[in-house]
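Here are my notes after a pass through this one. Have it open while you read, and tell me where you'd look next.

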Amino acid sequence: MKALLSFCLVFLLAVPAVNAEYDRNRAVPVEQVLFGKVLSVRNISQKELIADKNKGWKVFGGALLGGVIGNQFGGGSGRDVATILGAVIGGSAANNRNPDHKEITLHLVEMMIKTDQGKEYMVVQDFDPSMVFTKGDAIRMIFLQGNTVRIDLQM
């Protein structure tokens, strides 16, 4: 049992952390820039359920902690039973304590845009409080790689 516990601790420490932060200082190639005006603006909110990606690790940690605590009780085969029971109870408690999903609210802005070439586009993007759009605003529509579009105010 101690060998299994040592392996689990070494495995837990050897797994690299994943860092998925947004890199603000990255240059992205621009495919096209169009200029136009905002025809209409609508602020919308969208609720989204996000899966808890760390749930498995939390359950594993709860089982590991429960097994360590259970290992402190009894002797001989009673200790083995207490260790297994502690692991099961710890894993179950961690599983029940943490929900599978969490809810987040996305604040978005939906805009109808008419370009200087006469084409109309509907664009939905994240709401940015430092860049509030109103009807009639002069904008630039920036097309990035990967079918991504960003609307900015012309300054």
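1. Which residues of the largest nonpolar core touch the most other members? Keep in mind that this is a predicted model. The core has 13 residues, and the ones with the most contacts to fellow members are M111, I113, F133, I139, M141 and I151. Strands β1 (30-51), β2 (101-115), β4 and β5 each give two or more residues to this core. As background, nonpolar side chains tend to be buried together in soluble globular proteins.

2. I139 deserves a click of its own. Leaving out residues up to four places away in sequence, I139 touches a run of L34, F35, G36, K37 and V38, then I113 and F133, and finally I151, D152, L153 and Q154. Three of those names, I113, F133 and I151, are also on the list of best-connected core members.

3. Next, the β4/β5 pair. These strands run antiparallel and are joined by six bridges. L144 sits opposite T148 of β5. The hairpin leaves three residues between the strands, and G146 there takes a positive phi near 80°.

4. D152 is the one I'd stop at. This residue belongs to strand β5 (residues 148-153). Is D152 buried or exposed? With a relative accessible area of 11%, D152 falls under the 20% cut-off, so it counts as buried. Beyond its neighbours within four places in sequence, D152 is in contact with M131, F133, I139, R140 and I142.

5. K135 makes a nice contrast. This residue is in the loop between β3 (120-126) and β4 (138-144). Its relative accessible area is 68%, over the 50% cut-off, so K135 is exposed. K135 still touches V38, L39 and V41, not counting residues up to four places away in sequence. K135 and I113 are 22 residues apart in sequence, with their C-alpha atoms 9.5 Å apart in space.

6. Last, helix α3 (residues 77-97). Does the length add up, or what should 21 residues span? At 1.5 Å a residue the expected span is 30 Å, and the end C-alpha atoms are 30 Å apart, so the two agree. The buried residues in α3 are T83, G86, G90, G91 and A94. Seen down the helix axis, the buried residues fall within an arc of 120°, so they line one face of α3. The face turned away from that buried side carries the exposed S77, V81, I84, V88, I89 and N96.

How values were computed:
Residues are numbered from 1 along each chain as its sequence is written. This is a predicted model: local features need pLDDT of at least 70, side-chain atom pairs count only at pLDDT 80 or more; totals for chains, interfaces and linings use all residues. Side-chain values use heavy atoms; hydrogens and water are left out. Helices (H or I, at least four residues) and strands (E, at least two) are DSSP runs, numbered from the N terminus. Buried means under 20% relative accessible area, exposed over 50%, partly exposed in between (1.4 Å probe, protein chains only). Contact means heavy atoms within 4.5 Å. The expected span of a helix is 1.5 Å times one less than its number of residues. The arc is that of the directions from the helix axis to the C-beta atoms. A nonpolar core is a set of buried Ala, Val, Leu, Ile, Met, Phe, Trp, Tyr and Cys residues joined through side-chain atoms within 4.5 Å. Two strands pair if DSSP finds at least two bridges between them.
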